[in-house]
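User: Please take a close look at the sheet architecture of this model and at how the helices are set against it. A formal, connected account with the criteria stated would be appreciated.

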Amino acid sequence: MSTGTGTDTVIRTIEETELADWLLGVHTGFLVSTPATKEEVEARRESTDFSRTQGAFDAGRCVGTFRSFAQRLTLPGGTAVPVSAVTNVTVSATHRRRGLLSRMMETDLRAAKERGDAAATLTAAEYPIYGRFGFGPAVSVAAWEVDTARTGLDRRRSAPECGGRLDFVDGAAVRELAPALHERVRATRHGVVDRDERWWRFATGDLPRTDWTEPFQVLYRSPDGSVDGLLTYTVDETWVAKRPQNTASVRDLVAATPAAERALWHFLLTADWVMTVKTGPRAPDDILPLLLPDPRAARITTQADCVWLRPLDVPALLEARTYAAPGSLVVEVADPDGYAAGRWLLDAAEDGASCTPTDRPAELSLTAGELGCLMLGDESAVRLAAVGRVTEDRPGAAARADTLLRTSRRPWCPDIF
Ligand SMILES: CC(=O)SCCNC(=O)CCNC(=O)[C@H](O)C(C)(C)COP(=O)(O)OP(=O)(O)OC[C@H]1O[C@@H](n2cnc3c(N)ncnc32)[C@H](O)[C@@H]1OP(=O)(O)O
């Protein structure tokens with residue numbers, strides 16, 4: 001029996017034999033009343049790193065779950081750093097607010113730091129949960145709903161304007177061709193995270209899942225034959241009074257060139273019968289509205305935080321990224337856990353950046369979470385200073401931080417993990 005304090009609940013890594021119970025804990029925490037099927041448990045087994053999978057057990061029942069996995073996160077400039085992606089975080093409703101998440105998080109962050117990960121990442125179910133653990137929202141997303149009849153796009157054009165070709169393909173072709181395409185995208189767009197073979201198998205229905213609907217899959221090939229874009233979407237079929245009212249929902253649209261991106265959007269937005277396109281999570285500065293002769297045909301339906309970043313190794317992060325302009329900045333980072341704490345001198349030059357401990361006076365003071373917000377260039381230090389979340393120890397330091405850290409395109413992460 002639990003005493004209600006949570007201290008008699010044992011937190012430990014799970015054994016392979018406990019995976020089904022652990023997944024039942026995940027389901028319960030996410031308000032899914034049914035257990036995972038045998039097939040789902042088996043599919044999970046091969047991809048689960050049991051040394052990074054924690055369970056909280058009370059009287060033999062799994063009442064808390066927490067897992068992390070190795071991920072690579074692309075920083076501005078295209079370099080990817082190793083990070084620890086946190087996922088499947090749940091505490092059963094019967095055991096909440098007794099510190100179980102805090103204990104699992106502490107264990108996992110310590111291990112990530114010891115492994116040498118530059119940061120921890122996650123996508124947060126609710127905004128207020130993770131700031132206290134040193135995470136800050138680093139990548140945002142926007143989703144649009146497009147009224148295709150109003151876009152003003154030329155519906156008579158069937159071939160891509162820049163040449164190249166579009167083809168419907170099956171899941172096997174996606175698994176064969178799309179990973180290399182995604183690697184090219186990942187090398188150029190900061191915020192994007194890697195996708196392993198399992199990701200592609202899951203996305204193409206090659207692993208058991210209860211919520212599976214077969215999507216349409218379209219590849220764009222450039223005039224020289226290289227696979228430059230992938231569009232995956234489903235269509236809800238509706239006809240009203242002999243008129244099609246179908247809605248296409250994008251699952252994935254990744255493109256290595258602007259020509260491929262334009263061709264895939266044009267294709268979907270001018271498809272017969274499709275009256276509404278739901279874009280799914282895109283970068284807030286996605287080119288989509290600008291592609292339309294009438295951008296008001298695209299209505300924003302979601303604008304929110306997406307990837308949260310918890311810096312663990314400040315020099316590793318700041319030295320791996322590039323900067324919009326040369327310059328220097330002294331930041332004082334407060335971090336009760338110690339991982340990011342210190343006074344750091346960032347020196348950004350054309351040929352690379354250095355980040356070293358310094359005893360020069362601090363110019364900008366902030367917490368580890370606020371540094372996470374600024375790390376990929378999405379947030380403005382001036383904006384954070386205006387709400388008191390960073391402190392300018394030297395006038396103009398926040399604007400200088402923005403000149404250095406912000407990026408011409410905003411970061412984007414197409415994946416929820
Ligand atoms: C990366 C992902 O997987 S995101 C998915 C997160 N999971 C969910 O949202 C599923 C439903 N919720 C839950 O399972 C749980 O409520 C959890 C996991 C969010 C929190 O677990 P708990 O064990 O209750 O958290 P814990 O007791 O360690 O809380 C630590 C602090 O965070 C606060 N906190 C925890 N959850 C929340 C929340 N949802 N909103 C606001 N504050 C929260 C607590 O109040 C506590 O604050 P205090 O120290 O000032 O009292």
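Analyst:
**Domains and sheets**

The domain assignment divides the protein into domain 1 (10-134), domain 2 (142-303) and domain 3 (313-405); such bounds come from an automatic or database domain assignment. The model is predicted, so that local features require pLDDT of at least 70 and side-chain atom pairs count only at pLDDT 80 or more, while totals for chains, interfaces and linings use all residues. Residues are numbered from 1 along each chain as its sequence is written.

An open sheet of twelve strands follows the order E1-E2-E3-E4-E5-E14-E6-E13-E12-E9-E8-E7, and its pairing is mixed. The edges are held by strand E1 (10-13) and strand E7 (165-168); each has a single partner strand, so one side of each is left without a neighbour in the sheet. On average, neighbouring strands of this sheet are turned by 25° against each other, direction ignored. Helices (H or I, at least four residues) and strands (E, at least two) are DSSP runs, numbered from the N terminus, and two strands pair if DSSP finds at least two bridges between them.

At the E7 edge, four bridges join E7 to strand E8 (residues 216-221), and these two run antiparallel. Phenylalanine 168 faces valine 218 of E8 in this pairing. Helix H1 (residues 19-29) packs on the sheet by touching strand E2 (53-58), strand E3 (61-74) and E4, and its direction makes about 85° with that of E3. Contact here requires C-beta atoms, placed from the backbone, within 7 Å; axes are lines fitted to C-alpha atoms, for helices over the stretch in contact, and angles run from 0 to 180 degrees between N-to-C directions.

Strand E9 (residues 227-236) and strand E12 (residues 246-255) are antiparallel and share eight bridges, with leucine 231 having leucine 253 in E12 as its bridge partner. E12 is also joined, by four bridges and in parallel, to strand E13 (residues 274-278); threonine 247 is partnered there by threonine 276. The chain passes from E12 through helix H6 (residues 258-269) to E13 in a right-handed β-α-β crossover, a term that applies if, with the strands pointing away from the viewer, the path from the first strand over the helix to the second runs clockwise.

The other sheet to consider is open and five-stranded, in the order E17-E16-E15-E18-E19, with mixed pairing. Strand E17 (352-357) and strand E19 (391-392) are its edges; because each has a single partner strand, one side of each is left without a neighbour in the sheet. Strand E18 (residues 364-367) runs antiparallel to E19, with two bridges between them, and leucine 364 stands opposite glutamate 392 in E19. Helix H9 (residues 368-375) packs on this sheet, touching strand E15 (327-334) and E18 at about 105° to the direction of E18. H9 also lies across strand E6 (136-147) and strand E14 (298-311) of the twelve-stranded sheet, running at about 125° to E14. Helix H11 (residues 397-405) lies across E15, strand E16 (342-349), E18 and E19, at about 110° to E15.

Domain 1 and domain 3 have C-alpha centres 29 Å apart. Their contact takes eleven residues from domain 1 and 14 residues from domain 3.

Finally, E4 also borders the ligand: six residues, the largest share of the shell around the ligand, come from this strand.

Terms used: Contact = placed C-beta atoms within 7 Å.
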